[in-house]
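Got the viewer open? Let's take a short walk, one selection at a time.

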Amino acid sequence: MHNTSMNLPEHLAVRLRALAEQSGSSEEEVIRELVEQRLADLATTQPSEAPVPGRFVGVGVGPGPADLVTFKAVHALRRADRVVAPCTSVEAIGRAEAIVREAAPDVVVERMVFVMVVEHEVRAAALREVCERIVAYLAAGDEVAFITLGDPNLYSTVSSVVAGILARRPGTITATVPGIAAFQALAMEADVVLTDEQQSLLLLPASVAPEVIDEALADRTRTVVLYKGGGRIAAIADHLEAADRLGPAMLGELIGMPGQRVTPVADVRDRPASYLSAVISPAPEGIGPTP
Ligand SMILES: C[S@@+](CC[C@H](N)C(=O)[O-])C[C@H]1O[C@@H](n2cnc3c(N)ncnc32)[C@H](O)[C@@H]1O
């Protein structure tokens, strides 16, 4: 073993020495291995193509954990001339931006305020302003990446932003990069099979009419996923109970984020949950015979 002559801060020197001792290699060998590993990582996370001037790309960054952001998403963020993120105020880091900070800290994110109030006209005005700013960037020749939680094609602001851009700048090239959806991460955390054999899957916002939820649950070969139901857990539990599906139903709150809770709906039916909550009611029937 040989001690490196590199001038490292004490805490790194100590860790390097420990790594060398553990592996029985010299400190130089450990450093070489780490550089090789970093270069291999960069090879898989570097942009592989040039930005397309005036293209808008909706990029899904998954539900929360940085390691659920795809390589393709990181490529798209590093490639874009501008990366914009929805937020509730310019001082507030949105969830999607927080994920990007962890997954690709080198990416500079510009915040754009989306107003989440009930008044339709106030929301629409904020959305118009966002679209106009993005269109100005696109017209100037920038490729703009817009980050969103989960997947950009599932209940995402991306679709309304795309519509607003196309209304102002017809012919704009738009694209999306898929992300892991929250319900997929919940299936992982709760150890739930979403579908098998003859089963189907239905994803619904919990705000649909009550009879739509009852109808969805009535098909026992159908797994039902409810989004946006954080404030309606008690009502959701009542629907599940009436359909004899309460027991196995799982709630995932703030998946992959501080405060994550994954729990049977039955255990928390008397408590409201965060807006970032999803419920899975696994199909009770429809799997094939046990091999
Ligand atoms: C505007 S939708 C975004 C959906 C997202 N595009 C996706 O693919 O999952 C917001 C809803 O997604 C779900 N959601 C998103 N991220 C979540 C998370 N980290 N934990 C639990 N639910 C989440 C919740 O049901 C929330 O009300």
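Start by selecting β8 (250-253) and β10 (277-281): each supplies at least two residues of the shell around the ligand. Helices (H or I, at least four residues) and strands (E, at least two) are DSSP runs, numbered from the N terminus. You're looking at a predicted model, where local features need pLDDT of at least 70, side-chain atom pairs count only at pLDDT 80 or more, and totals for chains, interfaces and linings use all residues. Residue numbers start from 1 along each chain as its sequence is written.

Now show the ligand's surroundings. There are 23 residues around the ligand, and Gly-150, Ala-181, Ala-182, Tyr-227 and Ile-255 come nearest (a residue is near if its C-beta atom, placed from the backbone, lies within 6 Å). The shell holds 13 nonpolar, seven polar and three charged residues.

Next, colour by domain: domain 1 is 56-177 and domain 2 is 182-281, with bounds from an automatic or database domain assignment. Each of the two gives the ligand shell at least three residues. Their centres, taken over C-alpha atoms, sit 27 Å apart. Six residues from domain 1 and seven from domain 2 make the contact (C-beta atoms, placed from the backbone, within 7 Å).

Last stop: select β2 (residues 82-87) and β3 (residues 109-113). These strands run parallel, joined by five bridges; pairing takes at least two DSSP bridges. Find Val-83, which stands opposite Val-109 in β3. How does the chain get from β2 to β3? Follow helix α4 (residues 95-103), the middle of a right-handed β-α-β crossover: with the strands pointing away from you, the path from the first strand over the helix to the second runs clockwise.

Definitions and conventions. Ala, Val, Leu, Ile, Met, Phe, Trp, Tyr, Cys and Pro count as nonpolar, Asp, Glu, Lys and Arg as charged, and the others, Gly among them, as polar. Two residues are in contact if their C-beta atoms, placed from the backbone, lie within 7 Å.
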